Amino acid sequence: METRGIEHMFDFQRLPNDGLVRILLLIYSPIGLCLMLIRIFIGVHVFLVSCALPDSLIRRCIVRIMCSVLGMHVRQNNPRLRDKRVKLYICNHVTEFDHNIINLLTSCNTPMLDGSAGFVCWARGFMELGPAPAPAQLQEALQRYSSSPGTPPLLLFPEEDTTNGRAGMLKFSLWPFSVTESLQPVALQVKRPFLSLSIPESSWLTELLWTFFVPCTVYHVRWLPAVSRQEEETLQDFTNKVQQLLAAELSVASTQITKADKAEHIKRKRHVAPHINTSSKHGWSCVPLGASPRPSPRGAQVRGVDEAGLSRLALQVKDVLPDVPLSVITSDLVQTNCVDATITNLLESTEEFSSEPTGSSAFTSSMSSSSASSPPAVKCFGKSPVDRHMSLQERKEALYDFARRRYIEKHGL
């Protein structure tokens with residue numbers, strides 16, 4: 001998995017890191033709260049107007065103006081490129097309201113893919129499909145819909161999950177591109193002051209309240225020329241071509257990171273955070289919560305740790321991972337400044353380390369004195385990402401227990 005890429009593609013905290021921006025946000029907070037309350041009242045009227053008026057150009061213009069009052073400003077480029085014969089729009093996914101924004105510009109339907117139904121699904125502007133269908137059934141249902149005359153175009157998000165829209169796009173799923181032979185790519189850019197556009201595992205209602213809180217959120221829609229699948233072109237090649245077209249238009253990377261990779265990364269961050277808390281009880285030094293184990297700026301130096309302190313941290317890691325050379329441990333600690341993060345990085349590393357010669361350090365020989373003192377080995381390599389993740393967590397838990405036993409034995413506690 002491209003860990004560094006994932007760290008840049010998603011915002012894992014709502015508030016900015018810049019101290020000055022946080023002060024400005026604190027000063028703005030009373031205004032933002034008042035604005036949010038007023039916009040909630042206006043939003044109810046926007047919803048009622050959108051329900052009362054039939055789908056038409058007049059309705060879209062009225063609702064678009066009212067949405068601007070709510071802080072959701074919509075701009076578009078090259079509207080003349082929109083092909084009225086196309087029955088499928090393909091767009092990148094940034095926020096929970098992307099389908100509503102596109103629907104302010106042209107009539108289209110977005111199916112609810114997780115099987116949800118009822119009033120909330122209808123109120124959010126999704127097209128209900130009933131219970132969650134299988135991929136083959138979903139593809140067949142959407143093909144029948146697209147072939148029916150007089151139906152609005154479909155709007156699909158092949159990424160199947162949101163990103164921050166600044167660094168890269170998730171790998172496109174294949175099934176949306178099998179619905180029709182021709183489609184129209186739609187590039188979407190979203191900007192907002194002070195706060196992140198969205199954070200993982202945040203509900204759509206929470207995101208709506210934050211949208212009402214900030215001064216404005218600008219949605220910039222760009223229409224690209226329609227493209228068709230060639231006869232000699234495979235479905236995978238066609239999917240890759242459309243993804244690269246959108247990535248080039250948005251000036252972001254076209255990655256191979258999938259929705260499942262994002263979910264696994266979120267799960268990993270959720271499991272690593274408690275270990276960072278517990279490690280401080282044993283005298284381990286860590287970076288603040290929410291920081292990635294390996295910071296993106298290369299050559300970052302340890303702040304607030306002298307050479308003696310760095311050696312002490314290296315020895316703590318060496319107690320847990322005796323086969324890893326001290327030079328490799330020290331190099332990683334210079335970047336992470338955290339025993340727990342360094343252990344995690346070295347465990348997840350695919351690099352093979354050669355054991356140091358016997359006698360190079362006092363604790364290396366003591367570690368090999370008895371079989372009970374040796375670290376636990378990995379039993380097997382999981383076939384699925386979930387199995388591998390759980391195996392890694394079990395391995396880390398065993399290593400933490402091993403380190404605690406060594407500490408107790410060493411100090412006679």
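**Strand β2, residue Q230 and the largest cavity**

Colleague: Which strand do three bridges join to β2 (residues 88-91), with Y89 having its bridge partner there?

Modeller: In this predicted model, three bridges join β2 to a strand of residues 154-156, and the two run parallel. The bridge partner of Y89 is L155, which belongs to that strand. The strand asked for is β5.

Colleague: Which residue in β7 stands opposite C91?

Modeller: Strand β7 covers residues 182-191 and runs parallel to β2, with three bridges between them. In β2, C91 points the way Y89 does, while L88 and I90 point the other way. The residue opposite C91 in β7 is V186.

Colleague: Are the residues of β2 buried or exposed?

Modeller: L88 and I90 point one way from the strand, and Y89 and C91 the other way. On either side the finding is the same for all four residues: they are buried.

Colleague: Why is Q230 described as partly exposed?

Modeller: Q230 is found in the loop between β9 (227-228) and α8 (235-250). A residue counts as partly exposed between 20% and 50% relative accessible area. Q230 is therefore placed in that class by its relative accessible area of 43%.

Colleague: How far apart in space are Q230 and S182, C-alpha to C-alpha?

Modeller: In sequence, Q230 and S182 are 48 residues apart. Their separation in space, C-alpha to C-alpha, is 9.5 Å.

Colleague: How many charged residues are in the lining of the largest cavity?

Modeller: The largest cavity has a volume of about 50 Å³, and its lining includes F10, T162 and K262. The lining residues divide into three nonpolar and four polar, and the charged ones number two.

Notes. Residues are numbered from 1 along each chain as its sequence is written. This is a predicted model: local features need pLDDT of at least 70, side-chain atom pairs count only at pLDDT 80 or more; totals for chains, interfaces and linings use all residues. Side-chain values use heavy atoms; hydrogens and water are left out. Buried means under 20% relative accessible area, exposed over 50%, partly exposed in between (1.4 Å probe, protein chains only). Two strands pair if DSSP finds at least two bridges between them. On a 1 Å grid over the protein atoms alone, a cavity is a set of points where a 1.4 Å probe fits but cannot get out, and a pocket is an open set with protein on both sides within 12 Å along at least five of seven lines; lining residues have an atom within 4 Å of a point. Grid points are joined across faces, edges and corners, and a volume is the space filled by probe spheres set on the points. Ala, Val, Leu, Ile, Met, Phe, Trp, Tyr, Cys and Pro count as nonpolar, Asp, Glu, Lys and Arg as charged, and the others, Gly among them, as polar.
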